[in-house]
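User: I'm new to this one, so please keep it friendly. Take a close look at one part for me: the aromatic rings and what surrounds them.

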Amino acid sequence: MGWADAARARAALLDGGTGVVWDGAAAPEQFARIYRRRLRRTRRTGQETAGLEDAVDRLGAHQLPVRLGRVTSADGGWTYLLFLSQDARTLLACTGVVDAG
C-alpha cells in the first residue's frame, strides 16, 4: 500500500482535519468499479491524486467486505479516502485527491 498516502491522511487528521468512518460495508468490487471510473476521470481532467491506482488494484484483489472512511484536511485542500476491513481495524488502501472546487 502507499503508506505515504496513509501517513498524509493521518497528518491531515492530526493537523485539525476531520474524519469519519461510515457504518456498513460493501463488496470490494463495487468500490473498485467506482474508483476505477474516478481514476480514468482524474487522468482525463488532470486532477491531482495520490495512490488512486494502487487503491483500485488493492480493492480489485480483496475478497472481503470493505468499509469506507474519509479524512478532509483542515484547509479543505485534500480529501483522503480510507478503505478499511469490515471491522475497521485494518487499513486496506488509501487514496487522496485535491479538491477540484
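Analyst: A quick term first: a residue is buried under 20% relative accessible area, exposed over 50% and partly exposed in between, using a 1.4 Å probe and protein chains only. This is a predicted model, where local features need pLDDT of at least 70 and side-chain atom pairs count only at pLDDT 80 or more, while totals for chains, interfaces and linings use all residues. Numbering runs from 1 along each chain as its sequence is written, and side-chain values use heavy atoms, without hydrogens or water.

Now for the rings. Searching the whole structure turns up three aromatic pairs (ring centres of Phe, Tyr or the six-membered ring of Trp within 6.5 Å; stacked if the planes are under 30 degrees apart, edge-to-face over 60, tilted for the rest). One of them joins Phe31 and Phe83: their ring centres sit 5.8 Å apart with planes at 65 degrees, so this pair is edge-to-face. It ties together distant parts of the chain, since Phe31 belongs to helix α2 and Phe83 to strand β4, 52 residues away (helices are DSSP H or I runs of at least four residues, strands E runs of at least two, numbered from the N terminus). Both partners are tucked away: Phe31 is buried at 11% relative accessible area, and Phe83 is buried at 0%.

Trp78 and Tyr80 make another pair, and this one is stacked because their planes are at 10 degrees, with ring centres 5.7 Å apart. Here the partners part ways: Trp78 is partly exposed at 22%, whereas Tyr80 is buried at 5%.

Back to Phe31 and Phe83, which form one aromatic cluster together with Tyr35. Those three names come up again in the largest nonpolar core (buried Ala, Val, Leu, Ile, Met, Phe, Trp, Tyr and Cys joined through side-chain atoms within 4.5 Å). That core has 15 residues, and the members touching the most others are Phe31, Tyr35, Leu59, Val66, Leu68 and Phe83. Several elements chip in at least two residues each: helices α2 (28–45) and α3 (52–61), plus strands β3 (66–72), β4 (78–85) and β5 (91–98).

Zoom in on Phe31 and, setting aside neighbours within four places in sequence, you'll find Ala26, Leu59, Val66, Leu68 and Phe83 in contact with it (heavy atoms within 4.5 Å). Apart from this core there is another, made of eight residues, including Ala9, Ala12, Val71 and Cys94.

As background, nonpolar side chains in soluble globular proteins tend to be buried together. If you want one place to start looking, try Phe31, with Phe83 as its edge-to-face partner.
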